[in-house]
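Reader: I am new to this structure and would be grateful for a close look at one part of it. Could you choose a sheet and then follow the links that hold its strands and the rest of the chain together?

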Amino acid sequence: CTFTVRCGARISENCTYFESTGSEIGQCGVKICRCDSNVCQLRLDFSSFAITGPSTATESVAKTLGGQLAGGMKAVATATQCLTDTFSVTNPSGLTPPSICGTNTGEHMYVDASEMCNDLVFQLGNTEVGANIMTRTWSIKVTQYSCDYENLAPEGCTQYFFGPTQKTGIVKTFNFDGGTHLSDQNQNICVRRERGTCKICWSPSVKGDFAVSGKSMPSMTSMEKGINNPLSCCGYGEDAMKTSGYDCVTIPGAVKNSADMKAVEERICGRKFVTMNEAMASTTICSSRAPFSIRFVSDHWDFAEMMGEAGNPGKGARLAYELIGCSG
């Protein structure tokens with residue numbers, strides 16, 4: 001059986017569809033309660049999902065030092081922040097998925113099912129803030145999984161891809177199809193290690209599939225660039241006034257796609273899915289660390305001056321994966 005609900009509903013049935021009418025404004029949410037006490041996870045499948053995307057404003061609104069506004073030295077803008085529309089999922093019992101906006105049709109999320117129920121909430125602005133208001137539409141399928149379901153997502157996974165015939169696939173950061181990555185993300189994308197496979201390899205399919213932070217530049221890593229370099233990844237570094245590479249993708253246990261499987265820096269940012277000192281190498285990075293995963297992290301602000309991060313924030317990441325057999 002399937003059930004369709006709209007704003008304001010409360011339901012405790014499995015296989016529920018939360019759908020829009022196209023006329024919603026302000027807060028629109030539904031409360032999803034467990035259909036029985038043995039439910040541990042909810043999976044949200046976005047059959048369609050289009051709300052107003054993130055701000056594209058590039059003008060300076062504040063100054064920061066190491067990401068903090070107090071005593072700031074570096075001008076920042078609101079680009080990539082979801083300021084007009086947002087979608088969020090509550091989880092009173094623990095970890096929640098990141099709040100998102102923009103275009104996310106075909107994506108999904110996992111969240112732990114709470115004894116106190118989970119709220120799926122859209123906040124839809126009446127006035128555009130840094131982005132043009134678009135026609136909102138969504139259809140979200142909510143599936144409840146029992147605690148003994150064999151394919152529960154590993155703890156901490158925002159998304160989970162699995163299936164014995166799904167040894168290849170495509171993953172994307174939220175709003176990649178909308179053209180701009182989102183701020184305040186901690187999107188952990190996990191892939192099940194299928195029977196007979198021992199590693200996973202990641203690579204972009206076409207030019208532009210990896211555009212995480214900063215201007216159009218080669219990729220870089222914290223290891224290669226050093227803590228004081230303005231292009232270090234996943235952090236502001238000691239010289240926080242000049243750093244402009246906080247947003248990044250992390251691949252646990254990253255190694256070269258070569259016979260020696262030499263370890264490479266796990267943290268990657270920039271515009272190419274290779275490292276600076278391997279510019280001529282394959283744009284493929286592998287890992288044998290299970291559960292297989294790749295994580296996208298972004299901070300709240302984009303820098304407005306110097307390197308102009310806010311003016312060219314990048315789409316995020318769209319990567320193909322392939323599970324490799326244990327003899328491969």
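Author: The account below begins with one sheet, turns to the salt bridges, and ends with the disulfides.

The model is a predicted one. The part chosen is an open sheet of four strands, in which the order is β2-β4-β10-β8 and the pairing is mixed. Two of these strands, β2 (10-11) and β8 (85-89), form the edges, and each of them pairs on one side only. Strands of a sheet pair through backbone hydrogen bonds, either parallel or antiparallel. For β8 and β10 (residues 118-124) the direction is antiparallel, and five bridges join the two. Among the residues in these bridges, Val89 has Leu120 of β10 as its partner.

Side chains add further links. Side chains of opposite charge can pair when their charged atoms come close. The count of salt bridges comes to nine. One of them joins Asp119 and Lys31, with 2.9 Å from N to O. Asp119 belongs to strand β10 and Lys31 to strand β4 (residues 26-32), so this salt bridge ties together parts that are 88 residues apart in sequence. Asp119 has a relative accessibility of 22% and therefore counts as partly exposed. Lys31 is also partly exposed, because its relative accessibility is 23%.

The edge strand β8 has a link of this kind as well. The side chains of Asp85 and Arg136 form a salt bridge of 2.8 Å, N to O. This pair connects distant parts of the chain, since Asp85 is in strand β8 and Arg136 is in the loop between β10 and β11 (137-146), 51 residues apart. Asp85 counts as buried because its relative accessibility is 0%. Arg136, at 10% relative accessibility, counts as buried too. In addition, Glu107, Lys172 and Asp177 are joined into one network by salt bridges that share partners.

Another salt bridge is formed by Arg43 and Asp45, whose closest N and O atoms are 2.9 Å apart. Arg43 has 14% relative accessibility and so counts as buried.

The remaining links to consider are the disulfides. A search of the whole structure finds seven. In one of them, the sulfur atoms of Cys40 and Cys147 are 2.0 Å apart. The torsion about the S-S bond of this pair is about 90°, so the disulfide is right-handed. Cys40 lies in strand β5 (residues 39-50), while Cys147 lies in the loop between β11 and β12 (159-161); the disulfide therefore ties together parts that are 107 residues apart in sequence. Cys40 is partly exposed, at a relative accessible area of 29%, and Cys147 is partly exposed at 32%.

A second example joins Cys157 to Cys190, S to S 2.0 Å. Here the torsion is about -90°, so the disulfide is left-handed. Cys157 is in the loop between β11 and β12, and Cys190 is in strand β14 (residues 186-191), 33 residues apart. Both Cys157 and Cys190 are buried.

A further disulfide connects Cys198 with Cys326, S to S 2.1 Å. The torsion about its S-S bond is about 85°, so this disulfide is right-handed. Cys198 is found in strand β15 (residues 197-204) and Cys326 in the segment after β23 (316-325), 128 residues apart. Cys198 counts as partly exposed at 28% relative accessibility, and Cys326 is partly exposed with a relative accessible area of 46%.

Terms used
Residues numbered from 1 in each chain as written. Predicted model: local features only at pLDDT ≥ 70, side-chain atom pairs only at ≥ 80, totals over all residues. Heavy atoms only, no water. Pairing = 2+ DSSP bridges. Salt bridge = Lys/Arg side-chain N within 4 Å of Asp/Glu carboxyl O. Buried < 20%, exposed > 50% of the residue type's maximum accessible area, 1.4 Å probe, protein only. Disulfide = S-S within 2.5 Å.
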